[in-house]
Amino acid sequence: MRRSLWAILATFSVVVLHSCAQPSGSGGTAAAPSAVRVDFAYYNPVSLVLKEKGWLEEDLAQDNVAVEWTQSQGSNKALELLNSRSIDFGSTAGAAALLGKANGNPIKSVYVYSKPEWTALVTRPDSGITKVEDLKGKRVAATKGTDPHIFLLRALDQVGLSESDLEVVQLQHADGRTALERGDVDAWAGLDPHMARTELENGSSLFFRNPDLNTYGVLNVREEFANTYPTYVERVLAAYEKARQWSLENPAELEAILANAAGLEKNVAAKQLERTDLSNSVIGTVHKNTILASGDVLKKSGVIPSDTDVNAVVDSLIDPQFIEKVAVR
C-alpha cells in the first residue's frame, strides 16, 4: 500500500509539472513555432538591415526556432503571402493593410517601420502632363491594392476625377516604371526605389507630390500567429527596434545596405532614404487617422463596399499592444 501511495503521488507530481510547463490559454496555445517567417522589401529598409545583421536569428536560435525570409515586391504581394499563410510578418502601407483587412485578410498592424514619402505621380519630362487634371483620358500604370494606387485615387478625388476618367494599367511597381520610360503609359503611380531611379536616371518628373497622402509603412502579423505566439511577436518587434535604431545611428551604412540589396546606385538609395523617416515605430492614433482618410476614398471609389464600417475595420486592424511592451523595456 505504501508503494502504491508513493506511485500515485509521483504520477500526480509529473502531471502537475507538465501542466505548469504549458502556456496558459491567454498567452498562446503552443510554446514555440518551428520557424518565424518574415518578409523583406526594398521599400522597407529596416527589414534589409534586420535580414543582413541576423539579429532575429541570433535571438530565436536560443529556442531552436528558425527564421525564414521571403521577398515582398509590393503591399499587394505581402498581403497575398500573409493571406496564404506563407509568411507570418509582412510589410505593407497602412492603407493597403486596411484594404486587405476589409477584404477578409486576418491580419493585425503592429509596428511602423517608416513614415515615407515613397509614392508620387510620375511622368516623362516630354509628356506635357504637369497636374493631376491632365490625367483625364490618359493611361496610368499602378499596382492595385498598394499605397501608390490609393495615392492616385486620393489625388484624383481632390480634383473631382475618379478612376473611370482614365485607364489604369495594372502592373507591378518595377514594370510600371519600365512602361513609363518606354512610353507605353502616360504616367505612373510610382514607388521608391523605382521612382527615385527613374527620377535620377531618366529625368522623370514627380508632377504631383503630397507626403500627407502617403500612408505609413506598417508591419503586419497574421492574427493566428499573434494569438498563438504573442511573446514571439514581441521578440520580432524587439529585433526590428534594434535594426531601426541602428539605421538611425548609421545612415551611411543603411544607404549601402539598401543599395547593395536592391541593386541601386548610391545616389538612388540616398534619394529614397532622403524621403524616409524612421524616427517613430509605435503605431497609434495618428496612423489610424491617416488610414481612415484613405478608407473614405476607397469606399467612394468602389474599391471596398460602400457599407463597409471603416472605423470598425481600422479598430480591428491596428494593435499597439506588442510594440508598447517592447518600447518601454
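Select P193 to begin, and you will find this proline in the loop between β8 (187-189) and α8 (194-202). The model on your screen is a predicted one, and in it the peptide bond that joins D192 and P193 is cis, with omega at about 5°.

**The whole chain**

Now zoom out until the whole protein chain is in view, and turn it slowly. Its C-alpha trace spans about 100 × 45 × 30 Å along the principal axes, and the chain has 15 helices and 11 strands. Of its 329 residues, 53% count as buried, while the chain as a whole exposes about 14,500 Å², of which carbon and sulfur atoms supply 48%. If you take the contacts in the chain with a separation of 6 or more, residues 24 or more positions apart account for 79% of them.

**Helix α4 and what covers it**

Next, select α4 (75-83) and show its side chains. Which residues of α4 are buried? They are S75, N76, A78, L79, L81 and L82. To see what covers these buried residues, add the elements around them, which include β1 (35-40), β2 (66-71), β3, α5, β4 (107-116) and β10.

**The loop after α4**

Follow the chain onward from the end of α4, and stop at R85, which comes just after that helix and takes a positive phi of about 65°. R85 has this positive phi although it is not a glycine. It lies in the loop between α4 and β3, and R85 is partly exposed, with a relative accessible area of 46%.

Move on to S86, which lies in the loop between α4 and β3 (89-93). Is S86 buried, exposed or partly exposed? With a relative accessible area of 34%, S86 is partly exposed. Show the side chains of S86 and S84 together, and you can find a polar contact of 2.8 Å that joins them. If residues up to four places away in sequence are not counted, S86 touches R37 and L81, and L81 is one of the buried residues of α4 that you selected earlier. Then add E223 to the selection: S86 and E223 are 137 residues apart in sequence, yet 14 Å apart in space, C-alpha to C-alpha.

For another residue with a positive phi, select N64, where the angle is about 60° although this residue is not a glycine. N64 is found in the loop between α3 (55-60) and β2, and N64 is exposed, with a relative accessible area of 71%.

**A buried asparagine in β10**

Now select strand β10 (residues 217-222), and within that strand pick out N220. At 0% relative accessibility, N220 counts as buried, because a residue is called buried when this value is under 20%. What is N220 in contact with, leaving aside its neighbours within four places in sequence? Its partners are L82, D88, F89, G90, T92, A97, I107, K108 and S109. With one of these partners, S109, the side chain of N220 makes a polar contact of 2.6 Å.

**Two helix crossings**

Colour α5 (residues 94-102) and α14 (residues 310-317), then rotate the view until you can see how their axes, which come within 10 Å, cross at roughly 105°. These two helices, α5 and α14, are therefore roughly perpendicular to each other. The contact is made by G94, A97, L98, K101 and A102 on the α5 side, and by V310, V313, V314, S316 and L317 on the α14 side. By type, the residues of this contact of α5 with α14 divide into 7 nonpolar, 2 polar and 1 charged.

As you look along the helices, it helps to remember that an α-helix has 3.6 residues a turn, so residues three or four places apart point the same way.

For the last stop, select α2 (residues 45-53) and α10 (residues 230-249), which pack at an angle of about 105° with their axes 9 Å apart. Here too the conclusion follows from the angle: α2 and α10 are therefore roughly perpendicular to each other. Show the side chains where they meet, and you will see V46, S47, V49, L50 and K53 in α2 against A239, Y240, A243, R244, W246 and S247 in α10. The residues of the contact of α2 with α10 divide into 7 nonpolar, 2 polar and 2 charged.

Notes: Residues are numbered from 1 along each chain as its sequence is written. This is a predicted model: local features need pLDDT of at least 70, side-chain atom pairs count only at pLDDT 80 or more; totals for chains, interfaces and linings use all residues. Side-chain values use heavy atoms; hydrogens and water are left out. Axes are lines fitted to C-alpha atoms, for helices over the stretch in contact, and angles run from 0 to 180 degrees between N-to-C directions. Helices (H or I, at least four residues) and strands (E, at least two) are DSSP runs, numbered from the N terminus. Angles under 35 degrees count as roughly parallel, over 145 as roughly antiparallel, 65 to 115 as roughly perpendicular and the rest as oblique. Contact means heavy atoms within 4.5 Å. Ala, Val, Leu, Ile, Met, Phe, Trp, Tyr, Cys and Pro count as nonpolar, Asp, Glu, Lys and Arg as charged, and the others, Gly among them, as polar. Buried means under 20% relative accessible area, exposed over 50%, partly exposed in between (1.4 Å probe, protein chains only). Accessible areas come from the Shrake-Rupley method with a 1.4 Å probe; for residues, only the protein chains shown count as cover. A polar contact is a pair of N or O atoms within 3.5 Å; within protein, one must be able to donate a hydrogen and the other to accept it, and residues adjacent in sequence count only if both atoms are side-chain atoms.
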